[in-house]
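Visitor: Please walk me through this model. I will ask short questions and want short answers.

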Amino acid sequence: MKILIAALAATLCMVGQAEARTWRIRPGAGAEQALQTALIEARPGDTVRLARGRFELSSGLSLDIDRVTIRGEGEDRSILSFTNQRRGAEGLLVTSDGVVLRDFAVENARGDAIKVRDCNGITFRGVRAEWTRGPNPENGAYGLYPVNCTNVLIRDSIARGASDAGIYVGQSRNIIVRDNVAELNVAGIEIENSYNADVFNNTATRNTGGILVFDLPGLPQQGGHSIRVFENAISNNNTPNFAPAGNIVASVPAGTGVLIMANRGVHVFKNDIGDNGTVNVLITAYRNEFQDANYNPLPRDIMIRDNRFGNTGFAPAGELAALAQMGVAFPDVLWDGATLFSVRGTPRNESVRIVMRDNRSSRGGQGSFLSLGVPVAGAPLSEAAPDPSFPPLLAIAEPEEVRIRN
Amino acid sequence: MNIWRVLLCLVAFVALVASAAALGPAPVNQAAIASERPPELLSAYRFFSDVGAREPNTGVTPYDLNTPLWSDGALKFRYVFMPPGAQARYNSETVFEFPVGTVLIKTFAFAADMRQPTENARFLETRLLIRRADGWIALPYVWNEAQTEARLSPAGAGIPVSFTDNEGQNIALDWAVPNRNQCKGCHDRAGEITPIGPSARNLNRQYDYGRFITYEDGHEVVTHGEQDQLAAWAEFGILDNAPQFSPFVPSAYDAHSGSLATRARAYLDVNCAHCHNPDGPAHTSGLDLRWSQSDPALWGVMKRPVAAGRASGGYDFSIEPGHPERSIVLHRMSSDDPGVMMPELGRQLVDQRAIALIRDWIAGMDANGRVRE
């Protein structure tokens, strides 16, 4: 009996080994077909290894098998190049659970670089998404783009040149974005319509806006909440906005460090935020009209604490430039002051808690604050009645740490 | 083994072959349909009684749709096979529920001159959707140059095609046979592969059966000429129920078949709603282009883009009533740039008739998304 069990165990072990296969793909003629075939015929647990070199691709790639790892030799060594892409709305599309993407780059996709949708468990690690010509409105919208996913881990990755957001997490839940570099995008990192995100130890620089936390109406998942943005370096985000009009990020003023729009429970702490020409932190309601009765356009329960602010307000841009011309001095933290909104003609009032405490500014003291005093969400800024007094020091419970086991 | 036994075997074999010939072609190969490893060659299924796959075998029913998905204007020949005795279940809203063992067969072809579609049609590929016990699978078979056989091509393929289009223009394109994932890119409902076309509203039309033979209890039953397609399916025993009044969608390009608004909605339903529905791949966009969706805001009326990027074309709304020239829906339908165009897959050309249809619809639309006709 013992022998039988031992034999059985050995067999299972071998079967287990036989099941997890490694597909090795080298650049060159036939690589595209070989790579897409591997991504179709892989079994759960398999690894697709990309050799060193440049893979020229004419069509978007796609993966729909759970628990597959795609791994290259490094973001600067294994490059999926879509410069000559003729088909497919993204470079790589992933629609399965538990996928790991590691150590390769996606360059010059015609649309989004890497889109991952409707998944549970996705890891980006050491991945680079880039449009190599730099900021250009003809670049694709998103670099690293998980949407409607649970358990999203993006770390040690790089995003450059996206005409919307370099790292964009949309309509997702349980998210960690850490140790990444986002530069030369319109938005460096954007968390949109999402629940429970930790965004930390990232560098967001030379974007139009550094780190954005948005909530938009009319989407299947909304009511974004519980977002922690901490220990990031968010500096010199002064690239002129190059987003195509019509997109929400096209309204982001160049020179914005952190932008919080709508959402509940956003905590911004222990970041280095400076040299952003318009404002270091902008807190605003969603300012367009909307018909969605379930949507709340106001940012609520916002904590800005223990940050180090550098220079700001030296080159106000976008809609806010007009305020500067009216003689408004730009602060570290600017809030539109909205506490009221109306949906389908019905006015609603909110107790909006915005708290700023224990920050330090290179310009002296705790940093400056300004409410524009525009009480109704979306009302014209010409109605502003600026008020520099700090909001009351209320306690706002911090969201719990996000944990992911991918 | 002595010589007599060999001879006997030979005689028996010849007799068997002769008797098989007398009974007509061998029936559809259901073992091939059920097989875990799909056959390499389309002919192995015996869906057709001729080499060129023009003549459906017994039990293989041709059908047509009111408004089909547009695929660069390709001709499409559609058939359905169900195991003998099995039936699809009627549903007034969604695609019918088909029994295990069903195969939806669709051949894509271009005629040398599309103004004479019945002459010199070259088959490119035949796609099968097979209903297994655990769901549908999609299998593309690519036709050879000689048009004598089609071979399974799960990783996709490119086929150079040239033809003269309906306007007399010479067109050359690299036809893209979808790989397995791309099949699912359209045929996806909540992560499962699913058919798009055969719903009651889209099948509810006349079909010219010519002289079409089915078998009932071993007897030949001949169906002649034009028949109501749903009633015919019920007659053939492949549909459990065909109500006297079923919903229908008009034929999008035929101005006589319905109002501008219904034709536009029918087009968007078949060409867009397979992704743009609450369970489809594009649900995160918030657009719902299903025929059943009555809220114009969800069709895109005054809806701002979410993740369109440069595909917005600089415009603010998916549909801006009265302004087709500023509506993102039309902008993306008019593009052939892979990063902009909609649908994302399945076309390289622009459907000019659809552009005219959607342009007229948006131009005539009031602020509430309605068209007075």
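Visitor: What radius of gyration does chain B have, set against that of a compact globule?
Guide: This is a predicted model, where local features need pLDDT of at least 70, side-chain atom pairs count only at pLDDT 80 or more, and totals for chains, interfaces and linings use all residues. Residues are numbered from 1 along each chain as its sequence is written, with chains lettered from A and ligands numbered from 1 in the order written. The radius is taken over C-alpha atoms, and the globule rule is 2.2 Å times the number of residues to the power 0.38. For 373 residues a compact globule would come near 21 Å, which agrees with the value for chain B, 23 Å.

Visitor: Which residue ranges make up the domains of chain B?
Guide: The bounds come from an automatic or database domain assignment. The C-alpha centres of domain 1 and domain 2 of chain B lie 27 Å apart. The ranges are 30-236 for domain 1 and 260-363 for domain 2.

Visitor: Which element gives the most to the side of domain 1 of chain B that touches domain 2 of chain B?
Guide: Contact means C-beta atoms, placed from the backbone, within 7 Å. Domain 1 of chain B brings 20 residues and domain 2 of chain B brings 18. Helices (H or I, at least four residues) and strands (E, at least two) are DSSP runs, numbered from the N terminus. With three residues, the top contributor on the domain 1 side is H3(B).

Visitor: How many of the 12 residues of strand E4 of chain B are buried?
Guide: Buried means 20 or more other C-beta atoms within 10 Å of the residue's own, exposed 12 or fewer, and partly exposed in between, with C-beta atoms placed from the backbone. E4(B) spans residues 121-132 and is mostly covered. Its buried count is nine.

Visitor: In which sense do E4(B) and strand E5 of chain B pair?
Guide: Strands pair if DSSP finds at least two bridges between them. E4(B) and E5(B) form a hairpin with two residues between them. Arg132(B) has Gly135(B) as its bridge partner. Over eight bridges, the sense is antiparallel.

Visitor: Why do the buried residues of helix H2 of chain A lie on the same side?
Guide: The buried residues in H2(A), residues 31-41, are Leu35(A), Gln36(A), Ala38(A) and Leu39(A). The arc is that of the directions from the helix axis to the C-beta atoms. They share a side of H2(A) because they cover an arc of only 155 degrees.

Terms used: Two residues are in contact if their C-beta atoms, placed from the backbone, lie within 7 Å.
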